[in-house]
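Here is a walk through one chain, from its overall build down to a few side chains. Have a look at it first, then read on.

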Amino acid sequence: MTASFKKSKLGFGLAVLVPIFFLFGIGLFFEQGIIIPVKGPAPRDWNPASFWSPVWGASGVHKGIDIFTPRGTDALAAVSGLVVFQGELKLGGKALAVLDPKWRLHYYAHLDSAAVRAGEWVSQGSVVGKVGNTGNARARPPHLHYSLISLIPRFGRYSGQAEDWKLMFFLNPADYLG
Ligand SMILES: [Zn+2]
């Protein structure tokens, strides 16, 4: 009795874990293009030079890109993945993070509102929230702060710039946007 109970529990655990590991393992071998994570006719309204711009207030170096767009514009999932964080941060304001199958985190900050919760799976292009200027962006016009963070260190990217060890983790979205 006890043995079969343990066995079925183990079976259930494997049924959940194996697809997750399979998905996140196999993801490493496929290139999933990233889309610009806001809806609109001119979503390329961002300055690619804003990535790794030094002296960016309390955050130090600017570790992402800012996409300026009217308040309430839909923020979109740049790729498909699992929402691993959704909440309110001092600097980021209303923020969320999506983990993709290539072990990269997609971080969205200064949202007016979030449309997804931690634990949800989002598909590329689906609405994850509305653009705003929450957190330390209150004094600035509404924009989406978007960071792309590799959980697997990219050792070749160590370059000698300010806070440069973090460049092994923070990728420039401009290099991946399709
Ligand atoms: Zn920013």
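## Layout of the chain

Helices here are DSSP runs of H or I with at least four residues, strands are runs of E with at least two, and both are numbered from the N terminus. On that basis, Leu14 sits in helix 1, which covers residues 2-26. The chain has one helix and nine strands, and reading along the sequence gives α-β-β-β-β-β-β-β-β-β.

Of the 178 residues in the chain, 42% are buried. The accessible surface adds up to about 9,500 Å², with carbon and sulfur atoms holding 66% of that. As for contacts between residues at least 6 apart in sequence, 63% of them join residues at least 24 apart.

## How far to trust it

Keep in mind that this is a predicted model. The mean pLDDT of the chain is 84, and 79% of its residues get to 70 or more. Where is confidence lowest, and where is it highest? The low end is helix 1, with a mean of 69, while the high end is strand 7 (residues 127-131), at 98. Where pLDDT is low, the predicted coordinates should not be read in detail.

## The zinc site

Which residues coordinate the zinc ion? The donors are His62 through NE2, Asp66 through OD and His145 through ND1, at 2.0 to 2.2 Å. Along the sequence, their spacing reads H-x3-D-x78-H. As for exposure, His62 and Asp66 are both buried.

## A nonpolar patch

Back to Leu14 in helix 1. Together with Leu10 and Val18, Leu14 makes a nonpolar patch on the surface, and the three share about 290 Å² of accessible area. Is Leu14 itself buried or partly exposed? Leu14 has a relative accessible area of 47%, so Leu14 counts as partly exposed. That value falls between the 20% limit for buried and the 50% limit for exposed.

## Salt bridges

Side chains of opposite charge can pair when their charged atoms come close. How many salt bridges are there? The count is five. One of them pairs Asp74 with Lys39, with the closest N and O atoms 3.8 Å apart. Asp74 lies in strand 2 (residues 74-76) and Lys39 in the loop between helix 1 and strand 1 (65-68), so this pair ties together parts that are 35 residues apart in sequence. Asp74 has a relative accessible area of 15%, so Asp74 is buried.

Another salt bridge brings together the side chains of Asp112 and Arg71, at 3.3 Å from N to O. This pair also links distant parts of the chain: Asp112 is in strand 5 (residues 104-114) and Arg71 is in the loop between strand 1 and strand 2, 41 residues apart. Asp112 is partly exposed, at 30% relative accessible area, and Arg71 is partly exposed too, at 45%.

## A buried pair and a network

Arg104 and Asp100 also meet through their side chains in a salt bridge, at 2.8 Å from N to O. Are these two buried or exposed? Arg104 is buried, with a relative accessible area of 1%, and Asp100 is buried as well, at 0%. Finally, Lys39, Asp74 and Lys130 are joined into one network by salt bridges that share partners.

Methods. Residues numbered from 1 in each chain as written. Predicted model: local features only at pLDDT ≥ 70, side-chain atom pairs only at ≥ 80, totals over all residues. Heavy atoms only, no water. Donors = N, O, S within 2.8 Å, 3.2 Å for Na, K, Ca; no water. Buried < 20%, exposed > 50% of the residue type's maximum accessible area, 1.4 Å probe, protein only. Patch = residues over 30% accessible without salt bridge, like charges linked within 9 Å, V, L, I, M, F, W, Y side chains within 5 Å. Areas by Shrake-Rupley, 256 points an atom, 1.4 Å probe, with all protein chains shown as cover. Salt bridge = Lys/Arg side-chain N within 4 Å of Asp/Glu carboxyl O. pLDDT = per-residue confidence, 0-100. Contact = heavy atoms within 4.5 Å.
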